[in-house]
Amino acid sequence: MFKKREGSSRFEEFTGLTRRGLLLIVIPSLALVAGSFWLAAQFLEPLPPRRIVLATGPEGSALYALGQRYRAILARDGITVEVRATRGAGENVDLLTGPATAVDAAFLVAGTVPPDKAQAIENISNLMYAPLWGLERRASAMTSVADLRGKRIAVGAPGSGIEAALAPLLSANGISPDNTTLLRLPADESLRALAKGEVDVVFHGEGLQNKEFQEVLRMPDIRLIDFPRADAYTRRFAHLVRLDLPEGTIDLARNIPDRDLTLIGTTVMIAARTDLHPTVIELLVDAARESHGARGIFEKRGEFPHMSPVDDVPMSVHAIRYARDGPSLLRRYLPLWLAGLLQRAFTLAIPLVAVVLPLMRVLPAAIRFMNKRPIYRGYADLRHVELSLHTRDPASPVEDLLQELDRIEQAVAGARKSVLRASELYTLRVHLRIVRDAVLARAHALKSRSGDSGP
């Protein structure tokens, strides 16, 4: 049995590389691999959250019921939606722009978001029209909003969307708490107060979607309010739209309304924090498409959902792109969680294909080159000796060439022995012997010539 050379490792015996030489190859390679994966990680999106909070409206309201529908739709993709009941769109704005633990998305009404809060949220999709339904006692004989001055008006509960939407309209008509009784009552309570004659006018957000609203509307002494200056309002307030309600639309048998009405309204949207995960935004866009494409009293079939900008909340760029281009190829055919994992795997595969695999081919070549450097250097020096022998004057001495050959042979003998270069080392020694023989032959010839020319 041969004994292993003292102080040498099996790796060194096999490759002929020192630890320093090995580090010169391994450290840059590892740095390159780590850098490529770090760069790929910058393009990785985190996995979508498994739970989000959606702010809607009061329990039993149409927006609360809509939130339940969204919860069922997102549950198909494994996203749990906590539907949070609120006082309405006004409170939803505060929740959406409040602490990070408040809510992730909410139903809002255009025109209710203050400018200082609008940049913290983005509109994912416009969902439907929200008419400003107004009920009055027929004895009021109101012909414009300005005629409300001095009356008892229910303007919605604090934090409700109706209160936020109505405030600028009343102010523009010179109506204030100084000259009018403004009652901040919840929706159902205000309807009951109107039926009892305790208030003169009620403004309601849900309107026909509320059963109690429909019951009060059918009372003989109650009628809907007309907005003959609707066009003026839409020019003064960019978020408002004109909505026409022909006679008898609500109830043909009872002829409700009893005349053609011009209403004003705004747009209901689903909005989110600007940092909401893109995949959740896509799922909310899908839920909007599934829930709001039907024809309504004011909406044409297919008019909603849409991505037209509203006045106060910027549209989500990702939502617009998704609505235009649709889901990715993986999302079309795979479950959400699997598509997300594969997308991350494809991203991480880029450095694997672009760096790691080529590096696995380059490293052996680099090791071979480092391994054979002494041999290449020895052959270069040997070639130099051979050329010097053939180009110098035959009468010139060759002791310097013999000394150079001795140096080359010592360098070769001192090179680390390696299995990978064993055959090249033996071949180099053979070639050394050939060149040495040629130099020695020249030396013998010179010696013989000098002996023949002696006395």
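Which side chain meets that of Glu 91 in a salt bridge? The partner is Arg 87, and the N to O distance for this pair is 3.9 Å. That distance comes from a predicted model, as do the other values in this passage.

The two partners sit in rather unlike surroundings. Glu 91 is buried because its relative accessible area, 18%, falls under the 20% cut-off. Arg 87, in contrast, is partly exposed, with a relative accessible area of 47%. Glu 91 belongs to helix H4, which spans residues 89-96 and is mostly covered, with seven of its eight residues buried. Alongside Glu 91, the buried residues of H4 include Ala 89, Gly 90, Asn 92 and Val 93. Leu 95 and Leu 96 of H4 are buried too.

Salt bridges turn up elsewhere as well. Side chains of opposite charge can pair when their charged atoms come close. The structure holds 23 salt bridges. One of them joins the side chains of Arg 192 and Glu 212, at 3.6 Å from N to O. This pair ties together distant parts of the chain, with Arg 192 in helix H7 (residues 187-195) and Glu 212 in helix H8 (residues 211-217), 20 residues apart. Both ends are partly exposed: Arg 192 has a relative accessible area of 40%, and Glu 212 has one of 21%.

Another salt bridge brings together the side chains of Arg 436 and Glu 409, at 3.0 Å from N to O. Here too the pair links distant parts of the chain: Arg 436 is in helix H15 (residues 422-452) and Glu 409 is in helix H14 (residues 399-414), 27 residues apart. Arg 436 counts as buried at 12% relative accessibility, while Glu 409, at 35%, counts as partly exposed. Salt bridges also form a network, in which Arg 51, Glu 82 and Arg 84 are linked.

Then there is Glu 122, in strand S4 (residues 121-131). Glu 122 is buried yet has no salt bridge. The nearest side chain of opposite charge belongs to Arg 321, and it is 9.9 Å away. What does Glu 122 touch, leaving aside residues up to four places away in sequence? Its contacts include the run Ala 271, Ala 272, Arg 273 and Thr 274. Glu 122 also touches Ile 281, along with Val 313, Pro 314, Met 315 and Ser 316.

Helix packing comes next. Two packed helices are described by the angle between their axes and the distance between the axes. Helix H10 (residues 278-291) and helix H11 (residues 317-325) have axes that come within 10 Å and cross at roughly 55°. H10 is therefore oblique to H11, and the crossing is right-handed. On the H10 side, the contact is made by Pro 278, Ile 281, Glu 282, Val 285, Asp 286 and Arg 289. H11 contributes His 318, Ala 319, Tyr 322 and Ala 323. Ile 281 thus appears both in this helix contact and among the residues touched by Glu 122.

H10 also packs against helix H3 (residues 62-75), where the axes come within 10 Å and cross at roughly 120°. That angle makes H3 oblique to H10, and H3 passes H10 in a right-handed crossing. From H3, the contact is made by Leu 66, Arg 69, Tyr 70, Ile 73 and Leu 74. From H10 come Leu 283, Leu 284, Ala 287, Ala 288, Glu 290 and Ser 291.

Back in helix H8, Gln 214 counts as partly exposed at 28% relative accessibility. Its C-alpha atom is separated by 9.3 Å from that of Ile 250, a residue 36 places away along the chain.

The backbone has a few quirks of its own. Most residues other than glycine have a negative phi, and most peptide bonds are trans. Where do cis peptide bonds occur? One joins Ile 256 and Pro 257, with omega about 0°, and Pro 257 has its place in the loop between strand S10 (241-245) and strand S11 (261-273). Another joins Phe 304 and Pro 305, with omega about -5°; Pro 305 is found in the loop between H10 and H11. The loop between S10 and S11 also holds Asn 255. Although Asn 255 is not a glycine, it has a positive phi of about 55°. Asn 255 counts as partly exposed, at 28% relative accessibility.

Methods:
Residues are numbered from 1 along each chain as its sequence is written. This is a predicted model: local features need pLDDT of at least 70, side-chain atom pairs count only at pLDDT 80 or more; totals for chains, interfaces and linings use all residues. Side-chain values use heavy atoms; hydrogens and water are left out. Helices (H or I, at least four residues) and strands (E, at least two) are DSSP runs, numbered from the N terminus. Buried means under 20% relative accessible area, exposed over 50%, partly exposed in between (1.4 Å probe, protein chains only). Lys and Arg count as positive and Asp and Glu as negative; His and the chain ends are not counted. A salt bridge is a side-chain nitrogen of Lys or Arg within 4 Å of a carboxyl oxygen of Asp or Glu. Contact means heavy atoms within 4.5 Å. Axes are lines fitted to C-alpha atoms, for helices over the stretch in contact, and angles run from 0 to 180 degrees between N-to-C directions. Angles under 35 degrees count as roughly parallel, over 145 as roughly antiparallel, 65 to 115 as roughly perpendicular and the rest as oblique. A crossing is left-handed if the near helix is turned anticlockwise from the far one by less than a right angle, and right-handed if clockwise.
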